[in-house]
Structures are given as structure tokens and as C-alpha cells.
Amino acid sequence: MSFYAQYIPGGSSIHRMDPRTKLTWLAVIYTVVLLFDHPMFLGLIFLSVLLIASLGEILRPCLKFLSPFGIFCVFIVLVWTLIFPGQTPIVVIGILNLSITVEAVLHGLGVALRFLSLLAVTFVLIATTKIGDLLLGAKKIGIPYTIGFLFASTVRFLPVLLDEFDTILDAQRSRGLRIEGPSIISRARNLLAVLVPLLLVSFKRVKLVGYALETRAFGASKERTFMRDLKAGKRDAAMLVFSVALLVSLVLLRLGGYGIVGGLRGLFPGFGPS
Amino acid sequence: MFPPMSSVTINDLTFSYEDSPSPALTGINLRVSAGEFVLLTGATGAGKSTLCYCINGLIPNSVRGKYSGDVSIDGVRVADTEVKDICIRVGSVFQDPESQILTTTVEEEVAFGPENLGVKPAEIQERAAFALEAVGLQDMRDRFPYALSGGQKQRLAIATALAMLPQVLVLDEPTAQLDPKGTEEVFSVVKDLNNRYGKTIIIAEHKLDDLLRFVDRMVVLSYGRLVAAGKPQEVLRNQEVRDNRNLRIPQLASLFNLIPEFSTYPIPLTVESAVASVKTALGARRYKPNVREQEAKLVQSEIAISMLDVSFRYPNGVAALKGISLEIGKGQYVALIGQNGSGKTTLAKHLNGLLRPTSGVVLVFGLDTKRTSVGELAGHVGYAFQNPDHQIFLDKVFDEVAYAPRRVRKRHDVDEIVHRSLELVGLQGRDQDFTFTLGLSERRRLTIASVLAMQPEVVILDEPTAGLDHEETLSVMNVTKKLQREGKTVIIVSHDIPVVAEYAERIVVLYDGQILLDGPTREVLTQVELLDRTYVKPPPITQLFMQLADRGFPRDVHTLSEAQTTLSHALGEYP
């Protein structure tokens, strides 16, 4: 299992970019995906993120990271298809008093692509940015170092935690514990056999990480320094132009009434173009 | 007598942890001078880690308890100083490599400490370069530390400590989780820091065989008290130390202590010095083989497990096993050895279906693991993992062992099985104890009992002796012997070569996903050149006897008792 993101060393232009530039790009993508629900627009946004991933030479790991979420996306599309109020029916299932509409399918696809875009953009940021640079960038735009570090550590220790989860699961299965038990109650009880050890080893680890932090003077000086300062260059300018152009053009399109599947007007009156 | 410049001074130090009734350290007095290399040793729970924490200031600054006495580093009292002011004087390296990595590249990791101190960027770069050079990681500055090998991770941890420019380095069992290759890397870096950079080294360790030769002074702790301190040769002759059943005395030292003729010879710290002493003692005498020479042969028995041309590839594409064919007979005692990444754990996980071959077939008592669930196989093959923390989850010993069998058996049967399993691992009468009050070796035996409760015919133990002292090692390994006598097949996965040599009758050596060697223990252990390829060294005793071959000694001596009788025999024959 690899549904976590971590730094992938490299020397691509995206790796060498100022983290503030990447944070701006991230903010733009986070914003524009919320503007639309039409799969064509969200699909284009998603492709633009994959383009950046390929410039960062991490397209393959990025797709690998996204693939386990595929099932979840199918689920999203199914659910929206069933509950979204649309006007253009494709199939009508009379007995269930249910109709599947074009709008519902489109909306479902859109939501799934929005979800994938958010995952991908976050992955690209984490995979191409050294943690120290990211925290320095965050600090320069006003996020305190310690708070940033807290978040970063969570990302850092997630893979360790998942490894540990796998090991515990294996250890318990090896002594005859069937996690795939027959009833929900026994399954929940067996899950405890994994969660209790996981919790205990995690507590231990938190203590050990604490010792490591203390003996390396974490938080010792108010004037924390950084070995390398950030340098913005031409590639940062290019990326900023790209991000701003993306934001402006998409906002204009949205104001012009594009990119929303019809049904939303019914749900939220006044939200779509009039 | 006072050393010229005292680096670390400990005066009458006593410490008890907050929730513990008895002190972890009692009345410790110790002076370590600048540039000295000091080894702290003693049983599990003897106070080694506690003493390390008292020197690096985590005690009493972060870990609370009752503290009296005084520790100072170059005149700076630890108890009155914040950890951030101590860490520029004392660098710390801990046991677990994973918890010490906090950033995303090797270079950042080394810069992290100095950055926290507010050191100027240009100087941080100099420090990082120096620290990485000192541990030999200068070519890996852009690597992702999480992906390094265990030995490299610990060298990185040493570099991060060095970047704070301390005079003293305190290492708390830095090799506890490493394979022999990683251990060798760490020891050689530590020796180098002492020799070339004059750092004061204080290291807590169990693995004495490869470390003692570098050590200026050996300090033995027992139940929180300092029982001996001095040159290793003297300390190992000390009667109190020799009587300490918990201490893992190096093989060669034990051998010299066991044979009266060697009482006038210095305790050997290396195989070479042992060879020289033995040859001097022998004079012109030779070993005359007698009829007892055992044939190194494995008893043929029915096949329990067979692997046929098994290959395995992890989902990330790494080929971990490449065409393994192996048959394990009923009632055999087999050891799987090899470095981390050689495929030994992957192989072991194939034996109970946790992993299924990408190609090839694994048959367990005739069952194809591809078509049998792990749950079903658990009734044939039990697998106890290395870290008991990954398995124990209930309060009471009885419930823990009864948990899995309860699901498949009647209540009355379960009671009997649990008691029988606890008896086998020597935990009889402890069924109502709370699991969290047990020590490491008891917890490990408890996990073996819970595996036995499924009544498997084969028992696999992953690193059964990791982190255990001498007495505890014996308690766990005697369980394995007992299991074999009960007719069970025992498979251990281990880095602990002396233990493997002592207990296993057959060794399978893995290297790069393939079987490098497979045969009776005494045959495998003398294949020095092949073993060397995977950084495995025969036990010191076997190394000694191989160099005594020109005096007629058998080359394949591999247990302490065998070494003692063989040598005594040669020495006693022509008095």
C-alpha cells in the first residue's frame, strides 16, 4: 500500500522551484476546483496538474499514488448518479421510481475529478519539496515554524505508521486471527487486535521522537536559521504567470456561466448563471 | 587518581523513575576523561539506558523521577542545564533509527540541529560537510533518509549529533536493530571518531565480540549498580562479572575463563590474540582426533514444507526471491540467516502464506499456500514476530494466549491448550498476570505461547534473541529446544550467529534472494569465503579453531562446550 505522499529526491525544475511559488499554485488549484462541477473543466484542471507532475519527473509515482483512490472515485460517481437531481434522463427504472440523468453522471464525474486534482496537487507539492524549504517558505508567508513542523511530521510519520499497521496485521494473522471474520462484531473485535498494538507502539514512538527533537535543540533559539535561503528565479516567474492566468481565465469563464452542470441551479437557486 | 582533564563526572548518582518503587541507578560514581572510549554493559534493565539519559540530560530535564547526586560535563551541571545547552556538549544516538529521522534529505537532517541553535548558514554548511564526511555519508547528501539502510541511518544519526560539535558522544545500543553489516559500519565509525577526532565515546552495547578491542574501559552495571570498571581484560577476569549470569560474555573470553590452563594468559579480545595464546599454551602438542568425530549429517525425515522454484516480486517491483527450492523435514531445527534485504524474512513469510509466490509453489504439509488461507495455515505453521509489541493486545496472559484458539475450539479444550502452551514457554502459573508487567523475554515467550496455542507443527521465530541479555537468551532458546524435542519443526530467522551455531542443526544462508549455502551447521559455518560475501562471520570460536587446523584441530567446532572439551583434550593429553 502506498496511499501516502513523501519527498522524492530529484533535480527537476519543479524540485528547484521556490516553495512559495508552489504554495501559490496549490492555492490556485484548491480554489478553481471548487468553482466548477463540470467534468470537462475539472478534467482540464486535473490534466494541468499532471503536466506539472511530469515536469517534476514524478508523473508515474503520482499516478501510482492516485490509483488506490480509483475505487473511491467509482463510488463517488455512483452515489451522485443516484441522488443528483437532473433533467435529462438516460435510463428510467420504473419500479424504483428512479431516473439516471446526464447531469447526474456529469456531476459525479466532476466531483471525482475534483477529488483527484486535490490529491494530485498536494502530492506534487510534497514529493518535490524538501521539508526544510517548505517550512521556510511557509514561515516567510506567515506560518510559524513549529506549527508547520507539526504538520510536516504527521506527513513524515504516516508511512512509518502504515508499515507498522501492516506488520501488526501480519503478526496477528500469523497466530490464527482472522481479520476477515464472519460477523461485524467479531470483525470489530479482531480489529482491536491491530489497533491496540498500533496505538501502543505509536505512543512509544512519539516519546522517542520527542527525545530526538530535544537532543537536537528543537525550539531552542528564537532566531532559528536555515542552511539555505530560498531563491526565486525565471521558472518561478513562469509558474506564477501560469497559475495567475489559470485563476483569472477560469474565474472569468465561471462568471460567464460556464462549467456548472445544470442541476445545481435547482439545488442552490441563484448559484448558477442566470 | 584523577585523569588530567575530566570530561564527564558522575558523583553518587541515584535515580528512580516516577512510577517505579526501586531505583534504576544506585550510587554511581564514574569519571570519563576526554578522548576515552567507554563501554557500558550489563543485563537488560541493569541501568545502561538510564545512565545514558543521565549524561545527555534527558534525565532529569525531561524524564521525571527521584534524582540525587550529580552529573557534570566539563564542570557544567547537567541537572541545572537545559537539554539544548547540553546537546552542544554531549551528542546522543538512540536505538531506533526511524524515530531519529525528522527531515527529507540527509543534508537537511544534519543541518536541523545547528539551525535550531541559530547557527549562521555558512557555518551550518561547514558543519554538515564535516559531519557527513566523518561518518562517510558525504556522497549521499541528497538522499531520502527513510530509504537508507539501517547502518546508514544510524551513521546519519551520529552525524546529526556531531553537527552540534559536542566533545562527548553517548550512544544507547545504536546497533540493537541492525544486521551484522550495519553493526560493523557503526562500530567502525565510532572507533574512527575516537581515534581521528578525539571524541569521548560512551556506548551502551550487548554485542561485545566486535567492540571490545576498541574499548579503553569497560563498565559493568547490574541492578542499577556499578559492579566493575576497568580494562576489558581485567574486567572479564573479575569473579563477580564471571558469575553474573545475565551478562553476555564474549565467546573467547568465556572459553579462556573455562579452561584453567589459560588463567595466566590475558583474556583475548580478538581471534588473532586467542590463536597466539592457544599456540603458546600448546607448545609442541597437537590435537589427536579420537573416534567421537561426528558425521555432519541431517537425519532424513518426512517433508514438512517444500518450496519449488519460488520467486517473489513485491508490488513495487523489487524481486525479493529468485528461484528458491528448499525442503524442510519434520522435526528439523533450521536457521535462516543473511543480511537485511537478503530475502530471509520474505522467505519465512511464504511458509505460512503471509506472502504467496509470484511463481513456483510452496507446499505446507501438502497444502498449496496459494489456495489456503493464512488462518488455516496458522494451524500448521505458527510464526512469532520479532517485536512482541506488535502482537500483545489483551490485559491478561491467559486471555492473550486463548484469544485465537477460542474462536475454533471448545472452552474446555482451550483451557487445556493455553496451560500447555504456557508451560512449554516456561510461563506456567503466570496466566493471571497482566501482560504489560512482563519483561521483554517474558513478552517474547508469551507471543510464542499464543502461536503454540494454535497447535502448529512448525514454529517460526523471527529474531528470537534480539535485545535479550544472556539469561533471557537462554530462556527463549531453551524453549525452542523443547519444541524440537516435542517433535515440532523449528525455524529461526536470526542475525545472532553464535546463538544460531549453538542451537540450529541446519543453516540456510540467503544472499540477494537466492540460497547461497544450505547444509548442516558445522559445514556451513566453515565456508568462510561464501559467508564473507554476505558479511556473515562464523562465531569467534569457529574462527579460532579454523586457525588451529595446522595443529590437528577440527575446523568445524561451533559451540562453547565443544571448544572446551576439544581444547582441554589437547592440553591434557601430554601434560
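**Figure 1. The interface between chain B and chain A in the predicted model**. In this predicted model, the contact between the two chains joins 52 residues of chain B to 42 residues of chain A. On the side of chain B that touches chain A, at least two residues each are supplied by helix 3 (83–86), helix 4 (106–117), helix 5 (121–134), helix 13 (374–377), strand 16 (381–384) and helix 16 (440–452) of chain B. Helix 4 of chain B gives the largest share of this side, namely seven residues. Sorted by class, the residues that chain B places at the contact with chain A are 23 nonpolar, 20 polar and nine charged.

**Figure 2. The overall build of chain A**. Chain A holds eleven helices and two strands, and its elements, read from the N terminus on, follow the order α-α-α-α-α-β-β-α-α-α-α-α-α. The C-alpha trace of chain A extends over about 65 × 60 × 30 Å along its principal axes. Of the 274 residues in chain A, 38% are buried. When contacts in chain A between residues at least 6 apart in sequence are considered, 76% of them join residues at least 24 apart.

**Figure 3. The two assigned domains of chain A and their contact**. The domain assignment of chain A gives domain 1 as residues 1–129 + 233–274 and domain 2 as residues 144–231. The centres of domain 1 and domain 2 of chain A, taken over C-alpha atoms, are separated by 30 Å. To the contact between them, domain 1 of chain A contributes nine residues and domain 2 of chain A contributes six residues. On the side of domain 1 of chain A that touches domain 2 of chain A, five residues are nonpolar, two are polar and two are charged.

**Figure 4. The packing of helix 2 against helix 7 in chain A**. Two packed helices are described by the angle between their axes and the distance between the axes. For helix 2 (residues 19–35) and helix 7 (residues 131–140) of chain A, the angle is about 75 degrees and the axes are 8 Å apart; because angles of 65 to 115 degrees count as roughly perpendicular, helix 2 and helix 7 of chain A are described in that way. Helix 2 of chain A enters the contact through A:Pro19, A:Arg20 and A:Leu23, while helix 7 of chain A enters through A:Asp133, A:Leu134, A:Gly137 and A:Lys140. By class, the contact of these two helices comprises three nonpolar, one polar and three charged residues.

**Figure 5. The surroundings of A:Thr129 and of A:Gly11**. A:Thr129 sits in the loop between helix 6 (102–128) and helix 7 of chain A. Is A:Thr129 buried or exposed? A:Thr129 counts as buried because it has 22 C-beta neighbours inside 10 Å, where 20 or more are required. Leaving aside residues up to four places away in sequence, A:Thr129 touches A:Pro19, A:Lys22 and A:Leu134. A:Thr129 and A:Pro19 are 110 residues apart in sequence, yet their C-alpha atoms are 6.8 Å apart in space. A:Gly11, placed in the segment before helix 1 (13–16) of chain A, counts as exposed because it has 8 C-beta neighbours inside 10 Å, where the limit is 12 or fewer. Between the C-alpha atoms of A:Gly11 and A:Gly56, which are 45 residues apart along the chain, the separation is 8.3 Å.

**Figure 6. The nonpolar cores**. The largest nonpolar core has 106 residues, and those with the most contacts inside it are B:Leu40, B:Ile55, B:Ala131, B:Ala159 and B:Ile202. Helix 6 (residues 150–162) of chain B supplies the largest share of this core, six residues. B:Ile202 touches B:Val32, B:Val38, B:Leu40, B:Ile55, B:Val168 and B:Val170, again not counting residues up to four places away in sequence. Another core, of 82 residues, lies apart from the largest one and has B:Met307, B:Ile328, B:Val414 and B:Val499 among its residues.

**Figure 7. The contact between domain 1 and domain 3 of chain B**. For chain B, the domain assignment gives domain 1 (6–243), domain 2 (256–284 + 543–573) and domain 3 (332–357 + 371–537). A distance of 32 Å lies between the C-alpha centres of domain 1 and domain 3 of chain B, and ten residues of domain 1 are in contact with twelve residues of domain 3 of chain B. The side of domain 1 of chain B that touches domain 3 of chain B is made of three nonpolar, five polar and two charged residues.

Definitions and conventions:
Residues numbered from 1 in each chain as written. Chains lettered and ligands numbered in written order. Predicted model: local features only at pLDDT ≥ 70, side-chain atom pairs only at ≥ 80, totals over all residues. Axes fitted to C-alpha atoms, helices over the stretch in contact; angles between N-to-C directions. Helix = DSSP H or I, 4+ residues; strand = E, 2+ residues; numbered from the N terminus. Parallel < 35°, antiparallel > 145°, perpendicular 65-115°, else oblique. Contact = placed C-beta atoms within 7 Å. Nonpolar A, V, L, I, M, F, W, Y, C, P; charged D, E, K, R; others polar. Core = buried A, V, L, I, M, F, W, Y, C linked by C-beta atoms within 7 Å. Domains from an automatic or database assignment.
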